[in-house]
Amino acid sequence: MPRVCTLCSHPKRNEIDKALLNDEPNQRIATAYKVTESAVRRHKAARHVALRMVKAQEREDVRHAIDVVMQLKAINGATLAVLKEARDDKNGDLALKAVDRIQRQLELQSKLLGELNDGTTINITVSTEWLELRALIVQAISPYPEAREAVVKALN
Ligand SMILES: [Zn+2]
């Protein structure tokens, strides 16, 4: 039968966790909050503090991720503009560089979207834009068969 953690259910848990995060000695915490030293050790070893921190930070992380998505979108826009220019100038080297850059961004974006799996509306919005972007890229690089092939490969 699982043992109930006396620290997790402690009315002063916030203070205790703070003390633990400050690396205060287990024994001092145990004495201060009238719990056993072994309970402190268990609470620590079972990563109860860490788990709770992760939960508390989830919302913040999603917010941060959305910021990153916005930035990526801005970079994507700029890179696509470069790509279009390169295509108009028939500058294959520059086009390939832009494609390379976009490819790395796509990798980063897909990673990010994977992390946002539990998100709500932002996911749908980003996904739509993602598909549009994907179509744009494939279209933009169509004059460069090698680049096109590389990107299509990376996208699939
Ligand atoms: Zn605990």
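**Asp17 and its surroundings**

I looked up Asp17 first and found it buried, because its relative accessible area is 5%. Buried here means under 20% relative accessible area, exposed means over 50%, and partly exposed is in between (1.4 Å probe, protein chains only). I note that this is a predicted model, where local features need pLDDT of at least 70, side-chain atom pairs count only at pLDDT 80 or more, and totals for chains, interfaces and linings use all residues. Residues are numbered from 1 along each chain as its sequence is written, and side-chain values use heavy atoms, with hydrogens and water left out.

Asp17 sits in helix H1. For helices and strands I go by DSSP runs, numbered from the N terminus: H or I with at least four residues for a helix, E with at least two for a strand. Which residues does Asp17 contact, leaving aside neighbours within four places in sequence? I get His43, Val49 and Arg52, where contact means heavy atoms within 4.5 Å.

**Arg13, also in H1**

Arg13 has its place in helix H1 too. I checked its accessibility: the relative accessible area is 13%, so Arg13 is buried. Not counting residues up to four places away in sequence, Arg13 touches Leu7, Cys8, His43, His48, Val49 and Arg52.

**The zinc ion**

Next I went to the metal. Which residues coordinate the zinc ion? They are Cys5 through SG, Cys8 through SG, His43 through ND1 and His48 through ND1, at 1.9 to 2.3 Å. Donors are N, O and S atoms within 2.8 Å of the metal (3.2 Å for Na, K and Ca); water is not among the atoms, so sites may look incomplete.

Why is the arrangement tetrahedral? The four donor atoms subtend angles of 97 to 116° around the zinc ion, and four donors count as tetrahedral if all angles lie between 85 and 135 degrees. Along the chain I read the donor spacing as C-x2-C-x34-H-x4-H.

Then I compared notes on the two cysteines. Cys5 is buried, because its relative accessible area is 13%. Cys8 comes out at 27%, so I list Cys8 as partly exposed. Cys8 lies in the segment before H1. Leaving aside neighbours within four places in sequence, Cys8 is in contact with Arg13, His43 and His48. I also looked at Cys8 and Ala39: these residues are 31 apart along the chain, and their C-alpha atoms are separated by 9.9 Å.

How many disulfides does the structure hold? I count zero, taking a disulfide as a pair of cysteine sulfur atoms within 2.5 Å.

**H1 against H3**

I turned to the helix pair. Helix H1 covers residues 13-21 and helix H3 covers residues 37-45; they pack at an angle of about 75°, with their axes 12 Å apart. Axes are lines fitted to C-alpha atoms, for helices over the stretch in contact, and angles run from 0 to 180 degrees between N-to-C directions. H1 and H3 are therefore roughly perpendicular to each other, a label that covers 65 to 115 degrees.

Where do they meet? From H1 I wrote down Arg13, Asp17 and Leu20, and from H3 Val40, His43 and Lys44. His43 is thus a zinc donor that also turns up in this helix meeting.

Leu21 is found in H1 as well. Leu21 counts as partly exposed, because its relative accessibility is 48%. Leu21 and Lys44 are 23 residues apart along the chain, and I find 9.8 Å between their C-alpha atoms.

**Two residues with positive phi**

Most residues other than glycine have a negative phi. I therefore wrote down Asp23, which is not a glycine yet has a positive phi of about 65°. Asp23 lies in the loop between H1 and helix H2 (26-32). With a relative accessible area of 65%, Asp23 is exposed.

Lys90 goes on my list too: a positive phi of about 55°, and not a glycine. I place Lys90 in the loop between helix H4 (48-88) and helix H5 (92-115). Is Lys90 buried or exposed? At a relative accessible area of 71%, Lys90 is exposed.

**The whole chain**

Last, I stepped back. The protein chain has seven helices and zero strands, in the pattern α-α-α-α-α-α-α along the sequence. Buried residues make up 31% of the 156 residues. Among contacts between residues at least 6 apart in sequence, 57% join residues at least 24 apart.

Methods: Four donors count as tetrahedral if all angles lie between 85 and 135 degrees; four count as square planar and six as octahedral if opposite donors are over 155 degrees apart and all others between 65 and 115; anything else is irregular. Angles under 35 degrees count as roughly parallel, over 145 as roughly antiparallel, 65 to 115 as roughly perpendicular and the rest as oblique.
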